[in-house]
Amino acid sequence: MRRIAALAVSLAVHALTLAFVVLGVLIVVGSPSLFLSWMLGALLVAIGVLLRPRLGRLPDDAEVLAPSAAPELYGLAARVADEVGVPRPAQVAVLDLSTAAVYLRLGVRRAPVLLVGLPLWLAVSPRQRVALLAGAYATAVTDDGFLVEGALSTLGEWRHSLLGAEPLSARREADVAMAMSLGAWAPSSSYNAVGLLGRLVGRAFGWPVLIVEHILTRLAAAGGAQAAGRWRALTLRATTEEDLADLEELIAHGSYLAPMQAAVLRGESVEAIRESALTRARLAPDGVLTSAPGSPLLDAAASAVIDTELSRHYTRAARGFGLIT
């Protein structure tokens, strides 16, 4: 019920945004010979464009891999996506300093894109790699979706425009400098008075935005336990409880990061760093395995091929591992 209410509020927010554009166009079409109608229509259209839902784009530091350059990685991404039940990613990109994997739908066509953080990917075992991708896919299925997220983004733009405006620091510094230099001869300015009036108007019209944003945020957050259960069920389509628990513990404690950073400072190669990670994965309660355990979706040999495909990217990313906290 709350999800339906969240979708209804989101649709109302998007309808209001569209209304600005439609009203602006109708004003211009209704009186095309009046300059004032063009000014008012352009203003309304500009407001609608400013408040439009953001379709998303790749992070600036993401590097998209060509399928021909990383066929094994694309194959793994496709196999895990099929198991979870989401569209296969059209693109796979890597991030040098991210410690997560994220599945996004970008652009007007909502093209699926998989982002892989190299520091974490370098540190996990083949089975944990499957769990990492499965969790990223499941998160995309159980999130609030484009309608709700877009509405929250629009409300955020409203809030910033109406309530976040402050006097320009350069103008304020100029007023102070003139007052100190000229004293009583400093020219009076209506800038501060007009700015104060604008902020008062913004606060008067901004409180409904705050209320709607608060309501939509609460509605979107409702059912968190149910969403978490669904996320886990979807993730376990491709991995096991044990592998998922190991990955969650590794991410929560961040125990993989400090050894990698220390290895980079010692000048070790990424191959040596990867071998250390695999050595930890081979440890078992009754001894040491001959190879890192794999899964039906990714065995040790295929995982090694992926490391070869990403070797150049690992080397570049390792230079910035010290920046990760």
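**Reading burial, contacts and cores in a predicted model**

Reply: In this predicted model, Leu11, Leu55, Val108, Phe146 and Leu147 form a nonpolar surface patch of about 430 Å².

Me: Where is leucine 55, a member of that patch, found?

Reply: Leucine 55 sits in the loop that runs between helix H2 (35-50) and strand E1 (62-65). Its relative accessibility is 32%, so leucine 55 counts as partly exposed.

Me: What is the general tendency of nonpolar side chains in soluble globular proteins?

Reply: Nonpolar side chains tend to be buried together in soluble globular proteins. In this structure, the largest nonpolar core has 51 residues. Val80, Trp121, Leu133, Tyr137 and Leu310 have the most contacts inside this core. Helix H5 (residues 126-142) gives the most to the core, with eight residues. There is also a second, separate core of nine residues, among them Ala151, Val209, Leu216 and Ala220.

Me: Which residues is tyrosine 137 in contact with, leaving aside its neighbours within four places in sequence?

Reply: With those neighbours set aside, tyrosine 137 is in contact with Ala77, Val80, Ala81, Val84, Val86, Pro89, Tyr103 and Leu114.

Me: Why does leucine 44 count as buried?

Reply: Buried means under 20% relative accessible area. Leucine 44 is buried because its relative accessible area is 11%. This residue is found in helix H2.

Me: How is a contact list to be read alongside a distance in sequence, as for leucine 44 and valine 21?

Reply: The two kinds of information may be set side by side. Leucine 44 and valine 21 are 23 residues apart in sequence, while their C-alpha atoms are 6.1 Å apart in space. Leaving aside neighbours within four places in sequence, leucine 44 is in contact with Val21, and also with Phe20, Leu23, Gly24 and Ile27.

Me: Is serine 295, in its loop, buried or exposed?

Reply: Serine 295 has a relative accessibility of 15% and therefore counts as buried. Its loop lies between strand E6 (287-288) and helix H13 (300-309). Apart from neighbours within four places in sequence, serine 295 is in contact with Arg127 and Val130. Serine 295 and aspartate 243 are 52 residues apart in sequence, with a C-alpha to C-alpha distance of 9.8 Å.

Me: Which residues does threonine 239 touch, not counting residues up to four places away in sequence?

Reply: Threonine 239 touches Arg127, Ala131 and Leu244 on that basis. Arg127 is also in contact with serine 295. Threonine 239 lies in the loop between helix H9 (224-235) and helix H10 (241-253), and with a relative accessible area of 10% it is buried.

How values were computed
Residues are numbered from 1 along each chain as its sequence is written. This is a predicted model: local features need pLDDT of at least 70, side-chain atom pairs count only at pLDDT 80 or more; totals for chains, interfaces and linings use all residues. Side-chain values use heavy atoms; hydrogens and water are left out. Patches are made of residues with over 30% relative accessible area and no salt bridge: like charges are joined within 9 Å, nonpolar side chains (Val, Leu, Ile, Met, Phe, Trp, Tyr) within 5 Å. Accessible areas come from the Shrake-Rupley method with a 1.4 Å probe; for residues, only the protein chains shown count as cover. A salt bridge is a side-chain nitrogen of Lys or Arg within 4 Å of a carboxyl oxygen of Asp or Glu. Helices (H or I, at least four residues) and strands (E, at least two) are DSSP runs, numbered from the N terminus. Buried means under 20% relative accessible area, exposed over 50%, partly exposed in between (1.4 Å probe, protein chains only). Contact means heavy atoms within 4.5 Å. A nonpolar core is a set of buried Ala, Val, Leu, Ile, Met, Phe, Trp, Tyr and Cys residues joined through side-chain atoms within 4.5 Å.
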